Each structure stands twice: as C-alpha cells, then as structure tokens.
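Visitor: Please take me through one part of this structure up close. I would like to see how two helices pack, and then how that part fits into the rest.

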There are 2 protein chains.
Amino acid sequence: MAYNAALNELSTLLGNRLSRSKSDLDLHGRSESYFPLTVPEAVAYPETSNEVSEIVKICAKHDCPVVPWGVGTSLEGHALALTGGVTVDFTRMNRVLQVNQEDMDAVVQPGITREELNKELRATGLFFSVDPGANATLGGMAMTRASGTTAVRYGTMRDNVMALEVVLADGRIIRTGTRARKSSAGYDLTGLMVGSEGTLGLITEMTVKLQGQPEAVSSAVCAFPSMEDAVNAVIATIQMGIPMARIEFVDPATAAAFNSYAGSSFQEVPHLMLEFHGSERGVAEDAERFREIADDFGGSDFQWATKPEDRTALWTMRHNAHFACLASRPGARAIVTDICVPISRLAEAVEETREDIAGASIPGPIVGHVGDGNFHCILLFMEDDPKERAEAEDLSHRLSQRALRLGGTVTGEHGIGTGKMKYMEAEHGAAWDVMGDIKRVLDPQNILNPGKMVRQM
Amino acid sequence: MAYNAALNELSTLLGNRLSRSKSDLDLHGRSESYFPLTVPEAVAYPETSNEVSEIVKICAKHDCPVVPWGVGTSLEGHALALTGGVTVDFTRMNRVLQVNQEDMDAVVQPGITREELNKELRATGLFFSVDPGANATLGGMAMTRASGTTAVRYGTMRDNVMALEVVLADGRIIRTGTRARKSSAGYDLTGLMVGSEGTLGLITEMTVKLQGQPEAVSSAVCAFPSMEDAVNAVIATIQMGIPMARIEFVDPATAAAFNSYAGSSFQEVPHLMLEFHGSERGVAEDAERFREIADDFGGSDFQWATKPEDRTALWTMRHNAHFACLASRPGARAIVTDICVPISRLAEAVEETREDIAGASIPGPIVGHVGDGNFHCILLFMEDDPKERAEAEDLSHRLSQRALRLGGTVTGEHGIGTGKMKYMEAEHGAAWDVMGDIKRVLDPQNILNPGKMVRQM
C-alpha cells in the first residue's frame with residue numbers, strides 16, 4: 001500500500017478513530033449517485049480543529065491524499081477518494097458552538113446536519129434557511145455551494161456563510177471573515193472557500209447566518225397550461241417584488257409520480273408550488289397578488305395550505321421528488337442534472353429538454369427552483385442496460401451544452417465533483433486556468449481532494 | 001524617468017489618450033481624503049477591453065505599475081499610484097451594454113457611475129440598488145466592495161455583481177460567472193475580484209443585479225433617548241423580519257450639523273432614519289410595526305415622509321452628512337472611519353467611541369448603517385495643526401482596535417487602500433499570508449496597484 005507510513009502515523013495520532021475496516025471503507029467509497037465504488041485507504045474521525053491540522057500535516061509529509069466527508073449526500077462524487085488516501089469524516093465534529101440571537105448567527109462545526117442545527121434552534125425563534133432537500137452537513141453544503149428551495153428568498157450557501165476556520169494543505173489553521181455583517185477588508189477568502197469542494201482547505205468551523213421564523217407562512221399549488229405560462233408567471237411575480245420564500249416547478253411526469261408515491265391528485269400538467277413568509281396580513285396580500293398574476297397566465301386549480309400539517313405534507317412531497325421519481329420506475333438508477341440559466345431563457349431550456357427526453361426511450365421527470373432559473377431532470381435508466389445508461393449520459397451532456405449556449409452554468413447547486421469536470425473548460429475558458437493557479441499556490445503538493453475541480457497537474 | 005520605454009509604447013498605442021499633462025497627473029494624484037498628492041507618470045484612457053489588455057501587456061513587459069481609476073471618490077487612497085507608473089482612467093468605458101429586463105440584470109462598462117446607470121434605467125421600472133452616497137463608478141464600487149444605505153435590504157457589491165470580464169496581470173482577458181442567478185461551478189472568481197482593489201486584475205465589463213422599483217416607498221425619522229435604545233429598536237425590527245430598505249443612525253452632533261447645513265430642526269439627540277419599500281399596504285403595515293417597536297424603546301418625534309419630495313430631501317440630507325459635518329467646522333479636513341461590528345456589540349462600540357471623542361479636543365460626528373453594524377466617525381481636524389491631526393489619527397486607530405476587539409472588521413465598506421494596510425495582519429492573521437499567495441500567483445511581477453492589500457513582496 002502506497003500510504004502506509006502516513007497511515008501508521010495517523011493511527012498513532014487517532015487510535016481507533018482511524019478506521020481501516022472494509023465496511024467503513026466501502027461506506028466512504030459510495031456516493032448517492034451513479035459513480036462506481038471508489039474506496040480510500042483509511043477513514044479518520046477527528047474531534048478537534050487541531051486534530052484535523054495534525055492529520056493534514058502527516059498527509060502532507062507523505063504526499064497522501066486527504067478527502068473531506070460529511071454524510072455522503074453529494075450527487076457528483078465530490079467525496080470519492082479518486083487516488084486513494086485518507087477520507088476525513090467530520091461526524092464527530094457536529095456541535096453548535098454558539099448561537100448569537102441578537103446577531104442572528106451561529107457558530108457550528110462542519111459535521112452538523114441542517115436538520116440537527118434547526119432542531120437545536122427550535123426554541124430561539126430563528127432557523128437556518130438553506131435547504132437542499134437532503135439532510136446534508138453544513139460543511140458539505142458550504143463546500144458545494146449548495147442551495148435548494150429557499151434560495152430565491154434567503155440565498156445560497158455563498159450568501160449564508162459569514163466566516164470560516166479552515167485547515168490549509170500545510171496544516172496551518174486560518175480564520176476567514178468575522179461575525180460582522182459586511183467587510184471590505186481584503187480578498188474574500190470565505191467566498192473562495194465556499195464551493196471549493198475540499199480542494200483548497202478543510203473547513204473546521206463555520207459562522208452562518210440565521211433567519212427569523214416568520215410570523216405567518218402560507219403555501220400554494222397552482223396548475224398551468226404550459227411550462228412557458230408557469231415561467232412567465234414567475235418572472236412577473238419577481239418583477240412585482242413579491243417576496244416568495246419558495247417557488248418550485250414540477251412537470252407533468254413529476255406530478256404523476258407524486259400521485260402514485262404520495263397519494264396526491266394533481267392534474268398531469270405543469271405546476272408551481274409556492275410558499276410565502278411574512279406577517280399574517282403580508283402573506284395574505286402576497287398570495288392574493290400572486291393569484292392575480294397566475295390568472296393572467298392561465299393558472300388554475302389554486303390550492304392553499306396555511307395549516308402547518310398541510311404545508312409539511314406539500315414540502316415533504318417536493319423533497320421526496322427524487323424518490324417518487326425513482327419509485328415510478330422500479331429498479332432504475334438516476335442521473336440528476338442541475339443546469340441553471342438566466343430566467344428569461346428558462347422556458348426555452350425546459351421546453352428543449354422536454355422534447356429531447358420525449359425523443360428518448362427513458363423517462364426524465366423535471367423539477368426546478370424556477371425562481372433562480374435552476375432545474376433538475378431525473379434521468380431514469382436501468383443499471384444493467386448499457387444502452388439506457390448511454391442515453392441518460394447523452395441527455396445529460398446535451399443539457400450541459402444547452403445551459404452554456406443559453407448563457408448559464410452546468411451546475412446551479414450540486415457542484416462539479418467528478419461528474420462535471422468535463423465542462424469546466426467550456427464554462428470558464430481561461431478563468432479555469434486561474435482556478436488552477438490558485439489551487440497550485442495553496443496546495444502545491446495536490447493532496448487536497450486530488451483529481452477534482454482544476455485541470456490535472 | 002523609470003518607465004519611459006513603457007510610456008513610449010503606450011503613447012503609440014493610445015495617441016492623445018495617453019496624457020502626461022501636469023493637471024491630469026495632479027487630478028489623478030488626489031484622493032477625496034487626507035492623503036498627500038501622489039502622482040502617476042501618465043494617465044491612460046482606454047476605450048475597449050482589448051486596449052486595457054494591450055496597456056497591461058506593455059506595462060508587464062516593462063515592469064511598470066498599473067493603477068485603475070474610476071472617479072476618485074475613494075476614501076482610503078486606493079487609486080493613488082504609490083510607486084508611479086500608469087493610472088488607467090475608465091471614464092471612456094462608461095456604457096450600458098445590455099439591460100435584461102426579464103432577468104433583472106444589466107451588463108455595463110466599469111466607468112459608468114451609479115447615477116448614470118440609474119438614469120438610463122429610469123424607463124424600465126428597475127434600479128441598481130447599491131448606494132454608497134458618493135456618485136462612484138461601478139468598477140470602483142466593485143473593487144472596494146462598496147455598500148451604503150440600502151445594503152441592509154439589497155446587499156453590498158458582493159451580492160450584486162454577478163459576473164465580470166477582467167484583464168489579468170499578463171494581459172489575458174477572462175470572464176468570471178454568468179448571468180445565471182447561482183452556480184456551483186468552481187471557485188468563485190467573481191467574489192475574489194470584488195474587493196480586490198485593482199491588485200488582481202482590471203475590471204473591463206460587469207454584470208450586475210437590478211431591483212424592481214417598489215410600488216410604494218415611505219420614509220421616517222424617529223428620535224431616541226439614547227444610542228442603546230436606537231440600536232435595540234433596530235435589533236428587534238430585524239428579528240421581527242420587518243424588511244427595511246434603509247435604517248440609518250445619526251448622533252446628536254450630526255443632527256446639529258444637519259440643522260445648520262440643511263435647515264432642518266432635529267432635536268440634538270440620537271435619531272434613526274428609515275425607509276420601507278413594498279406595496280402600499282405593506283409599507284404602511286411595516287411602518288406601523290416599526291412604530292410599535294420604537295415606542296417600546298422610548299422613540300419619539302416620529303415623522304413620516306411618503307411624498308417623493310420629502311423623501312428626497314431626507315435622503316439628500318443623509319447623503320450630505322459628510323459635507324454638513326465638514327461645514328460645521330470651516331477649514332477642517334476629515335478622517336472618516338468605517339468599522340463594522342456584530343450588531344449586538346454596536347451600542348457598546350458607539351458608546352465607547354462617543355466617550356473617546358468627548359475626551360478629545362476635536363469634534364467627531366457619528367453616522368451609521370446601523371442595520372449592518374457599520375458606522376462612521378467624521379473626525380474633523382485643522383490641517384495646519386499637527387496636534388489635531390495626530391489626535392484624529394489616534395482616535396481612528398483606537399476605533400480600528402475596538403472593532404477587532406468586538407469581533408468586527410476595520411472597514412465595512414470603504415476598503416483598505418493605503419489607510420488600513422496597517423490593520424491587515426491584526427484582522428486576518430495567517431489568512432493575510434494566503435491573500436499574499438494569491439496575489440503572488442496572479443501578479444508575480446507585482447505591477448497591479450502595487451503597495452496595496454498584501455504584505456509587501
């Protein structure tokens with residue numbers, strides 16, 4: 001084994017918190033996606049920032065790769081140890097260190113999941129807003145610049161991470177940012193680390209913004225005659241300044257999948273699912289204004305949910321879209337696409353995609369964070385059918401090309417990982433080389449999540 | 001002259017758009033602040049991105065410094081050519097290239113000022129929200145990560161710049177970001193460039209977010225018995241989720257300066273100045289809810305302004321605070337401080353500052369973007385009195401130290417320039433070295449705005 005010297009030193013440092021059991025390696029070699037098993041040589045379970053620093057120093061001494069791991073919900077194979085080495089699992093660094101109610105922020109360790117954090121915040125009247133659906137760790141969400149259904153109102157991880165403690169490739173521990181709400185003091189290293197997918201440093205502590213629990217919440221579902229009508233209703237709503245907390249698109253195939261998975265009774269047509277946050281009067285007024293806009297674009301079958309249990313049912317259904325779609329084709333696996341385009345091009349992007357899928361032999365339900373111009377196709381293929389798999393990959397490839405042609409990005413919120421590396425040059429051109437320059441100067445040995453993000457050194 | 005060879009080549013490239021007249025050099029050697037005249041050897045007026053690229057290539061060939069210049073409203077001497085060389089004045093690159101109404105964004109050249117842009121947007125129902133008071137260029141605002149009165153609602157330049165075209169130190173032209181609202185595709189180079197003060201590249205084109213003109217706007221002023229009451233009212237307002245578009249603090253000295261400069265009749269006590277944006281019913285409701293909160297904290301003398309001319313008068317007065325304070329001490333110059341702290345520490349920060357100023361022989365009115373925890377002291381000293389100048393510098397120094405002690409930053413929105421370099425190590429620790437690493441790899445010859453931002457190479 002190539003990294004024995006490193007593993008021996010790590011074993012001395014961590015004792016039984018360095019695991020080399022087959023089950024542990026297999027667990028950390030999987031992704032929630034279509035990538036093959038790719039195991040590390042060992043899994044380290046640090047408990048402090050200093051331990052993370054020591055781990056990285058040992059790995060640097062022996063040129064051993066270091067790959068950070070949250071809970072493995074990545075869809076693009078970010079946390080797979082492509083060239084072996086040590087996976088650093090942050091499970092044991094999952095504490096809330098501070099909740100600053102007046103400042104509406106919290107300092108947490110990166111291994112906490114968003115549901116755990118929100119559970120701890122329950123009594124404070126505050127909540128952490130970023131909600132990618134999966135119960136990911138905050139560290140993982142920061143590293144992939146995650147977002148989800150609420151980004152249209154409260155922003156993505158880019159907007160919600162205020163400060164970080166980061167272990168660099170040589171083991172140095174730095175702090176980026178402060179708890180002040182804004183700063184003009186130097187390069188935005190917090191922003192540089194968010195979305196860097198473990199290739200520039202390992203996050204060991206993070207300060208995140210919290211939001212006040214709204215006084216009132218109401219949700220709604222509305223059917224539209226076409227995708228274009230639904231998108232135009234969204235554009236009008238945004239331009240009117242109606243502050244939606246969520247605005248999600250589901251296509252007819254997804255509506256059908258909901259019906260059979262969750263027992264709902266949607267028409268099999270395009271729908272928007274919405275949520276408003278504010279005062280009692282505010283949400284009622286917002287809802288009424290939205291309804292008027294929806295009417296202009298042929299909206300029908302308006303259903304309101306103000307009772308918490310009805311709202312929960314609605315958003316649970318939306319969050320389970322991935323599983324509902326999988327269940328609609330028993331035995332299938334999925335490639336989940338993630339393009340994001342300027343909203344003026346969204347109807348066109350979805351319509352072209354729908355036609356492309358209609359011409360294929362596999363199903364591909366579409367759901368989208370339509371307020372941001374971001375949508376996903378869940379391309380369902382039978383794993384033992386190479387032709388279907390190739391078809392899914394081709395559809396996904398054409399989607400990425402479509403995103404670039406329409407002035408968008410190949411990934412709105414899932415990240416690059418191993419799945420999107422092939423589009424970095426096309427999306428960024430010479431700017432991709434600049435990313436490589438930054439990687440080279442901050443990780444000259446290329447030990448931090450090697451094989452990801454930048455042109456291979 | 002050291003850079004003759006470079007200047008000769010530039011002269012061939014630009015003809016009479018390379019200026020070496022004394023008046024031009026003097027104009028570009030001044031800052032709107034207390035720094036001594038620091039002139040470049042020449043001023044270049046490019047008209048295209050390619051010309052900027054050619055200028056930088058020529059300068060790189062001859063190791064000649066390149067310093068970008070907007071309209072010179074910087075308060076920290078960012079655009080002073082500390083080691084001579086060429087100032088690149090973006091005056092002639094001031095066009096709006098695209099307004100995408102459905103997407104609510106615009107593509108502009110960096111030399112456009114925010115007032116020019118908003119004038120061009122007048123018929124669209126959209127506006128560019130970032131408002132630092134001064135009529136700065138968008139390029140300059142991006143480079144200093146500027147913000148101002150509306151950041152509490154619409155964000156800073158960090159939040160409002162979506163994409164950039166940048167000329168790097170070797171003349172390469174890169175594009176960062178897209179017009180999609182979000183992306184997880186790689187390192188956030190847009191965010192890295194915003195706030196980099198011309199030390200990593202020169203912006204030649206930028207895509208910025210626009211906001212919808214609110215249906216209704218109302219403004220208000222309210223007096224408070226103490227700074228602490230005013231700040232506590234703000235904290236409560238934010239926690240209630242009342243969406244203020246502006247919430248500004250003025251101290252008794254500033255209120256007095258307004259009275260004599262603008263003929264207002266404020267009590268000489270702390271005040272908050274507010275603005276709400278939304279629907280007619282929404283702003284009325286927000287205002288009523290704020291009034292109830294203000295009542296809880298001893299607010300009085302509530303004055304509303306819903307008529308546009310009254311609102312304009314109010315915010316013109318606020319924008320002129322700098323000049324009103326200068327006028328309150330004829331012949332004085334000002335050091336304008338800019339700390340930003342977590343809002344829970346704001347009352348303490350302002351109170352300590354007030355006491356410190358009370359113990360000095362010079363006046364120092366205080367105004368603040370209190371929703372962000374950011375405030376300015378306008379420290380007024382007579383230029384020919386070295387003792388007063390030293391006193392102003394000492395007060396400013398203690399303010400910066402106070403910011404760091406309270407978990408904040410030495411600059412919320414003005415930037416580092418030459419004035420705040422001495423605090424970079426204290427604020428960032430080892431992270432400052434990382435900034436230096438990034439600078440070194442992207443500008444190995446140190447020709448881009450040398451002497452700024454990073455430890456000297």
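Guide: Start with helix 1 of chain A, where Ala6(A), Glu9(A), Leu10(A) and Leu13(A) meet four residues of helix 3 of chain A: Glu54(A), Ile55(A), Ile58(A) and Cys59(A). Sort the residues of this contact by class. Six are nonpolar, none is polar and two are charged. Keep in mind that the model is predicted.

Now the geometry. Two packed helices are described by the angle between their axes and the distance between the axes. Helix 1 of chain A covers residues 4–14. The axes of helix 1 and helix 3 of chain A come within 9 Å and cross at roughly 160°. That makes helix 1 of chain A roughly antiparallel to helix 3 of chain A, because angles over 145 degrees count as such. The crossing of these two helices of chain A is right-handed.

Next, step back to the domains. Chain A is divided into domain 1 (4–91), domain 2 (94–212) and domain 3 (216–322). The C-alpha centres of domain 1 and domain 2 of chain A lie 22 Å apart. Where the two touch, 16 residues of domain 1 of chain A are in contact with 22 residues of domain 2 of chain A. Which elements of chain A give two or more residues to the domain 1 side? They are helix 3 (49–61) and strand 3 (66–69) of chain A. Helix 3 of chain A gives the most to that side, with six residues. Helix 3 of chain A thus has two roles here: residues of helix 3 meet helix 1 of chain A, and helix 3 also gives residues to the side of domain 1 that touches domain 2. By class, the domain 1 side of chain A has eight nonpolar residues, seven polar and one charged.

Look at chain B for the matching pair. Ala6(B), Glu9(B), Leu10(B) and Leu13(B) in helix 1 of chain B meet Glu54(B), Ile55(B), Ile58(B) and Cys59(B) in helix 3 of chain B. This contact in chain B has six nonpolar residues, no polar ones and two charged. The axes of helix 1 (residues 4–14) and helix 3 (residues 49–61) of chain B come within 9 Å. They cross at roughly 160°. Helix 1 and helix 3 of chain B are therefore roughly antiparallel to each other. Helix 1 of chain B passes helix 3 of chain B in a right-handed crossing.

How do the two chains relate? Chain B can be laid on chain A with an RMSD of 0.0 Å, by a turn of 180° and a shift of 0.0 Å along the axis. That is the relation of a two-fold axis.

The chains also touch. In the contact, 76 residues of chain B meet 75 residues of chain A. Several elements give two or more residues to the chain B side, including helix 9 (227–239), helix 11 (280–296) and helix 17 (430–442) of chain B. Helix 17 of chain B gives the largest share, nine residues. The chain B side divides into 28 nonpolar, 29 polar and 19 charged residues. Of the interface residues of chain B, 99% are also interface residues in chain A, so the copies meet through the same surface.

Finally, compare another helix pair in chain A. Ala233(A), Ala236(A) and Thr237(A) in helix 9 of chain A meet Phe290(A), Ile293(A) and Ala294(A) in helix 11 of chain A. Five residues of this contact are nonpolar, one is polar and none is charged. The axes of helix 9 (residues 227–239) and helix 11 (residues 280–296) of chain A come within 9 Å and cross at roughly 140°. Helix 9 and helix 11 of chain A are therefore oblique to each other. Helix 9 of chain A passes helix 11 of chain A in a right-handed crossing.

Conventions
Residues are numbered from 1 along each chain as its sequence is written. Chains are lettered from A and ligands numbered from 1 in the order in which they are written. This is a predicted model: local features need pLDDT of at least 70, side-chain atom pairs count only at pLDDT 80 or more; totals for chains, interfaces and linings use all residues. Copies are superposed by least squares on the C-alpha atoms of residues with pLDDT of at least 70 in both. Two residues are in contact if their C-beta atoms, placed from the backbone, lie within 7 Å. Domain bounds come from an automatic or database domain assignment. Ala, Val, Leu, Ile, Met, Phe, Trp, Tyr, Cys and Pro count as nonpolar, Asp, Glu, Lys and Arg as charged, and the others, Gly among them, as polar. Axes are lines fitted to C-alpha atoms, for helices over the stretch in contact, and angles run from 0 to 180 degrees between N-to-C directions. Angles under 35 degrees count as roughly parallel, over 145 as roughly antiparallel, 65 to 115 as roughly perpendicular and the rest as oblique. A crossing is left-handed if the near helix is turned anticlockwise from the far one by less than a right angle, and right-handed if clockwise.
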